[in-house]
Amino acid sequence: MSCKDVGSATLAELLARQLHDDKLPAYLPDLARLERAYREVKSETIPIPDVARQLMLNPSLELLHLSWKLSPEIKLATDSPPTTPQPDEEWVLIWRNSQAEVQLQQATQDDLLAVKLVAERLDFKATAQANQVPVGVIDQAVQQAIQKGILLSPPTRIRRNAKAYSTENPPAEQFLSAPVFAVQWHITNACDLRCKHCYDRSKTSPPAFDAALKVLDDLYDFCKARFVRGQVTFTGGNPFLYPQFIELYRAAAERGFALAILGNPTPRGKIEALLSIQTPRFFQVSLEGLREHNDEIRGVGHYDKVMAFLPLLRELGVFASVMLTLTKDNITQVLPLADKLAGVADSFTFNRLSQVGEGANLELPEKEAYAEFLAAYTKAAQQNPMLYYKDNLFNILRYKKGAPLLGGCTGYGCGAAFNFIAILPDGEAHACRKFPSPIGNVINQKIAEVYDSAVAKKYRTGCRACHDCTIRHACGGCLAITHSFGQDIFAEKDPYCFIARTN
């Protein structure tokens, strides 16, 4: 029977009627449906929006319910299948991705879940509750579908205004849009150390567990509304001294957040308790120099405890990070310490001392000495890949050499109240933890209200002196250092800035 003039829409039906008479393979109707769907998706007649206005199905998506397993074996547009298909139910997805390439895959349960959620406009939290699974499971399925291109998501709404930057040398998109919003949560001020540069030794009460859960729920809603992924970095004090820390860590994991720890050396059992829930992206501990100087700042025996703890983290598969607070007294110990940490930790970096709290009793290095140190650190990093670049002023050196700019402090230069906020035990939110920069209180307010406040926008804008700088988008200096020198952080630039005017 000739089907030259028969529409492809009816080919599968015609094949099905002829199966018994002509002894055709029983899988041919399904194969015809698969072929038709594939060619329709490939035709590119279905427009795919450049920017989605809401979470939506890819308009090119075809979902087929087949009675034969075809997707793993059939290669479309070939004369014969490499193996004989077997009778078995399966769902197949065909779509065109952002590179206009046609994708054909057997649908996973997560794929089907994501498609159903969006097609039927189901509430994620309600669906998770009805199926007795953490909402993070739902979010993970949706995120995977977005990454594949099965779903289309609007761009992040954590975004800077490109018009506020140099028109002669506009910033790359990577510096304007943040796909992740991070909260550094000082869940308690209780600590087993008494460091000489501690920013806060107040006796502020930690939040009640129920109140902390409400903060996590609000953060979840904020991230969903802004189309970003959320990260919670737990710290303190020592976060493990919060009475229900493991339960809170689990609650954050169940909401789908990436997690990290800023803390002190911790017994193996407590780390394993975290790993049984979710592996943190990193666990950061601090060293302030070589043994003698470090122990003078953080307490006798601390250096050896850290050096014993770092291999434990790596043994357990946790990214081991070390942070140093840079002062006039330890600037010459940074690179020797880096040599000792090579092969022991996964990363090592530093922050300049913020002279607040106990830190007001310590001194910062001279500006000239600091510029020379940055150059020496950059040279050392070429041989020691665990040296990370956190200080925004590294970008001055890179700019002068014509090298690509780095993300700096938070990936976007100064990220104060942009892709990051700090939360204190009583819920007070700050644009940056390194100096007093209150922007609201997440116990009494919604995070969206705090983030959208006029004062938060002021911190995001940064200092006026930096506005015409070509590298402002990847730098902005350090507001905490400007504050340390008693200067107006919204008017005057980082006192350590050594770049020539670039406008």
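Phe 209, Ala 212, Leu 213 and Leu 216 in helix H6 meet Glu 247, Leu 248, Ala 251 and Ala 252 in helix H7. By class, this contact has seven nonpolar residues, one charged residue and no polar ones. The model is predicted.

**Two helix pairs**

H6 covers residues 209–226, and H7 covers residues 245–254. Their axes come within 10 Å and cross at roughly 20 degrees. Angles under 35 degrees count as roughly parallel. H6 and H7 are therefore roughly parallel to each other. Their crossing is right-handed.

Helices H3 and H5 form another pair. Here the axes lie 8 Å apart, and the packing angle is about 95 degrees. Angles of 65 to 115 degrees count as roughly perpendicular. H3 and H5 are therefore roughly perpendicular to each other. From H3, the contact takes in Asp 110, Asp 111, Leu 113, Ala 114 and Leu 117. From H5, the partners are Ile 138, Ala 141, Val 142, Gln 144, Ala 145 and Lys 148. The residues of this contact divide into seven nonpolar, one polar and three charged.

**A pocket lined in part by H3, H5 and H6**

Three of these helices return in the second largest pocket. Its volume is about 560 Å³. The elements that give two or more residues to its lining are H3 (109–119), H5 (135–148) and H6. H5 provides the largest share, with five residues. The lining holds 25 residues in total. Nearest the centre of the pocket lie Leu 55, Gln 143, Ile 146, Ser 153 and Phe 227. By class, the lining has 13 nonpolar, six polar and six charged residues.

**An enclosed cavity**

The count comes to one cavity of 30 Å³ or more. About 140 Å³ of space lies in the largest cavity. It is lined by 15 residues. Those closest to its centre are Cys 414, Arg 460, Thr 461, Gly 462 and Gly 476. Which helix gives the largest share of this lining? Helix H15 (residues 454–461) does, with three residues. The lining divides into eight nonpolar, four polar and three charged residues.

The table sets out the residue classes for the two contacts and the two linings.

| Site | Nonpolar | Polar | Charged |
|---|---|---|---|
| Contact of H6 with H7 | seven residues | no residues | one residue |
| Contact of H3 with H5 | seven residues | one residue | three residues |
| Lining of the second largest pocket | 13 residues | six residues | six residues |
| Lining of the largest cavity | eight residues | four residues | three residues |

**Backbone points to check in the loops**

Two loops carry backbone features of note. The peptide bond from Gly 236 to Gly 237 is cis, with omega near 20 degrees. Gly 237 is found in the loop between strand S7 (229–235) and H7. H7 is also the helix that crosses H6 at roughly 20 degrees.

Where does Ala 100 lie? Ala 100 sits in the loop between strand S3 (86–96) and strand S4 (102–106). Its phi is positive, at about 65 degrees, although Ala 100 is not a glycine.

Methods: Residues numbered from 1 in each chain as written. Predicted model: local features only at pLDDT ≥ 70, side-chain atom pairs only at ≥ 80, totals over all residues. Heavy atoms only, no water. Axes fitted to C-alpha atoms, helices over the stretch in contact; angles between N-to-C directions. Helix = DSSP H or I, 4+ residues; strand = E, 2+ residues; numbered from the N terminus. Parallel < 35°, antiparallel > 145°, perpendicular 65-115°, else oblique. Left-handed = near helix turned anticlockwise from the far one by under 90°. Contact = heavy atoms within 4.5 Å. Nonpolar A, V, L, I, M, F, W, Y, C, P; charged D, E, K, R; others polar. 1 Å grid on protein atoms, 1.4 Å probe; cavity = no way out; pocket = protein on both sides within 12 Å on 5 of 7 lines; lining within 4 Å. Points joined across faces, edges and corners; volume = space filled by probe spheres on them.
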